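Visitor: I would like a close look at one part of this model, somewhere with an unusual backbone angle. Please start there and then walk me outward until I can place that part in the whole.

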Amino acid sequence: MKETKVDYSPVSMKIDPNTELLIVSLPEKYVGHFQQDPLTFIRENFDAEKLALENREYGFDSFDVEFRTTKGNVLAKYDRHGEMVSTYQQFKNVPLPDNVRLHLMQQYRNGRVVANKHIVTSKEWNIEKDFYRIKIKDGDKTRRLRVESSASGIVLVSN
């Protein structure tokens, strides 16, 4: 019986020079893991510094990385060293937080949520804006709302 040597080599973070594209699969531990807290997921599972280092010959001043799921995406901007500059997150038809659902049920008793988007922006790793765009059907009326949820309560920004 002959021995076989197996070497493990991590996935290359080298950008394809023809397409200027890199696709990396980041497996979730469970469905919705990424969507639950995208910034933490990215910090724990993606090495932007390695990406910047392996592609330094291209002389990028900055680069964008898009993380996609079936429910939405996160566009992350990094500087040339692989440090997070900002993110834009958008997820569609997500479960609304309890305080937002309760507020909607109180304000629109006969209405039903037919669609929503959860939008979050951040600078570096700190969230700057966090709100929901919600479409409600109430009989023959359609309402579009922007709802911000914070520790101090619900803020209905627009009707």
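Guide: One cut-off is needed before we start: a residue is called buried when its relative accessible area is under 20%, exposed when it is over 50%, and partly exposed in between. Please also keep in mind that this is a predicted model.

Let's begin at N93, in the loop that joins β3 to α4. Its relative accessibility is 38%, so N93 falls in the partly exposed class. The backbone angle you asked about is phi: at N93 this is near 50 degrees, a positive value although the residue is not glycine. As background, most residues other than glycine have a negative phi.

N93 has a partner from another loop. K71 sits between β1 and β2, and its side chain reaches the backbone oxygen of N93 at 2.9 Å. Setting aside neighbours up to four places off in sequence, K71 touches Q35, Q90, F91, K92 and N93. The approach shows in the backbone too: K71 and V94 are 23 residues apart along the chain, yet their C-alpha atoms are separated by 7.6 Å. K71 has a relative accessibility of 33%, so this residue is partly exposed as well.

If you step past N93 along the chain, you come to α4, which spans residues 98-107. The buried residues of this helix are V100, H103 and L104. Their directions cover an arc of only 95 degrees around the axis, so they sit on the same side of α4. The face turned away from that buried side carries the exposed residues D98 and M105.

L104 takes us inward. It is among the residues with the most contacts inside the largest nonpolar core, together with I42, F46, F67, Y78 and I134; this core has 27 residues. The elements that each supply two or more residues to the core include α4 and β3, on either side of our loop, along with β1 and β2, which flank K71. The others on that list are α2, α3, β5 and β6.

Two aromatic residues help you see how the core is knitted together. Y78 lies in strand β2, and at 3% relative accessibility it is buried. Beyond its close sequence neighbours, Y78 is in contact with I42, F46, A48, S62, F63, V65, F67, E83, M84 and V85. Y78 and E49 lie 29 residues apart in sequence, with 9.2 Å between their C-alpha atoms. F46, counted in the same way, touches M13, L26, F41, L51, V65, F67 and Y78.

I42 and F41 bring us to α2, where P38, L39, F41 and I42 are buried. They lie on the same side of this helix, because the arc they cover around the axis is only 165 degrees. R43 and E44, on the other side, are exposed. Among the elements that cover the buried residues of α2 are α1, β1, β2, β3, β4 and β5.

V65, a contact of both Y78 and F46, also has a place at the largest pocket. That pocket has a volume of about 670 Å³. Its lining counts 21 residues, and those nearest its centre are L22, I23, V24, V65 and E66. The element that gives the most to this lining is β1, with 6 residues.

Now back to the backbone angle. E124 also has a positive phi near 50 degrees without being glycine, and its place is the loop between β4 and β5. With a relative accessible area of 47%, E124 counts as partly exposed.

A last stop is E148, in strand β6. Its side chain makes a polar contact with the side chain of R146 at 3.1 Å. E148 and H118 are 30 residues apart in sequence and 9.9 Å apart from C-alpha to C-alpha. E148 has a relative accessible area of 28%, so it is partly exposed.

Stepping back to the whole, the protein has 4 helices and 7 strands, in the order α-α-α-β-β-β-α-β-β-β-β from the N terminus. Of its 159 residues, 28% count as buried. Among contacts with a separation of 6 or more, 41% come from residues 24 or more positions apart. And the part you asked about, N93, sits in this order at the loop from β3 to α4.

Key:
Residues numbered from 1 in each chain as written. Predicted model: local features only at pLDDT ≥ 70, side-chain atom pairs only at ≥ 80, totals over all residues. Heavy atoms only, no water. Core = buried A, V, L, I, M, F, W, Y, C linked by side-chain atoms within 4.5 Å. Buried < 20%, exposed > 50% of the residue type's maximum accessible area, 1.4 Å probe, protein only. Contact = heavy atoms within 4.5 Å. Polar contact = N/O pair within 3.5 Å; in protein donor to acceptor, adjacent residues only side chain to side chain. Arc of directions from axis to C-beta. 1 Å grid on protein atoms, 1.4 Å probe; cavity = no way out; pocket = protein on both sides within 12 Å on 5 of 7 lines; lining within 4 Å. Points joined across faces, edges and corners; volume = space filled by probe spheres on them.
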